[in-house]
Amino acid sequence: MNTHTKTRVPNNLRECRRKAGLTQYDVMVKLGLKSMDRISKWENGLKMPSVKNLLKLTTLYGIQPKECYPYFTLAKNSQGHCQSLKYP
């Protein structure tokens, strides 16, 4: 018996997408993805988008990254560019 369960990453991606009036299909096309599966996994907390894709999502939704992942902060590299998400 497998007792390992995946921890879901809490987020507001679905709510943010819906507030922007977009479907998963719309987001897939605008981000240049090949399927909606990745978006579904992000919204269900099974996977996390890369920082690049998170910034694309927030631009598309017209919001700040903190609104999608309220429990996370963006870590910046020495040049001040976002490089990863950190859980407090």
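Is Arg-17 buried or exposed? Arg-17 is buried, at a relative accessible area of 7%. Keep in mind that this is a predicted model. A few notes from going through it follow.

1. Start with the pairing around Arg-17. Its partner is Glu-43, and the closest N and O atoms of this salt bridge sit 2.5 Å apart. The two come from distant parts of the chain: Arg-17 belongs to helix H1 and Glu-43 to helix H3, with their positions 26 residues apart in the numbering.

2. Glu-43 is worth a look of its own. It has a relative accessible area of 7%, and it counts as buried because that value falls under the 20% cut-off. Arg-17 is buried too, also with 7%, so under that cut-off this salt bridge has a buried residue at either end.

3. Glu-43 has a second salt bridge, this one to Arg-14, where the closest N and O atoms are 3.5 Å apart. Again distant parts of the chain are linked, with Glu-43 in helix H3 and Arg-14 in helix H1, 29 residues apart. Arg-14 counts as partly exposed, at 23% relative accessibility. Taken as a set, Arg-14, Arg-17 and Glu-43 make up a network of salt bridges.

4. How many salt bridges does the structure hold? The count is three. Besides the two at Glu-43, there is one between the side chains of Lys-41 and Asp-37, at 3.4 Å from N to O. Here both residues lie in helix H3, four residues apart, or about one turn of the helix. Lys-41 is partly exposed at 31% relative accessible area, and Asp-37 is partly exposed as well, at 43%.

5. On to the nonpolar side. The largest nonpolar core has 17 residues, and those with the most contacts inside it are Val-27, Trp-42, Leu-57, Tyr-61, Cys-68 and Tyr-69. Four helices each supply at least two residues of this core: H1 (13-19), H2 (24-31), H3 (37-43) and H4 (51-61).

6. If you only click on one core residue, I'd pick Trp-42. What is Trp-42 in contact with, leaving aside its neighbours within four places in sequence? The list runs to Asn-11, Leu-13, Leu-31, Leu-33, Lys-47, Met-48, Pro-49, Asn-53, Leu-57 and Tyr-69. Among these, Leu-57 and Tyr-69 are also named with Trp-42 for having the most contacts inside the core.

Note on methods: Residues are numbered from 1 along each chain as its sequence is written. This is a predicted model: local features need pLDDT of at least 70, side-chain atom pairs count only at pLDDT 80 or more; totals for chains, interfaces and linings use all residues. Side-chain values use heavy atoms; hydrogens and water are left out. A nonpolar core is a set of buried Ala, Val, Leu, Ile, Met, Phe, Trp, Tyr and Cys residues joined through side-chain atoms within 4.5 Å. Buried means under 20% relative accessible area, exposed over 50%, partly exposed in between (1.4 Å probe, protein chains only). Contact means heavy atoms within 4.5 Å. A salt bridge is a side-chain nitrogen of Lys or Arg within 4 Å of a carboxyl oxygen of Asp or Glu.
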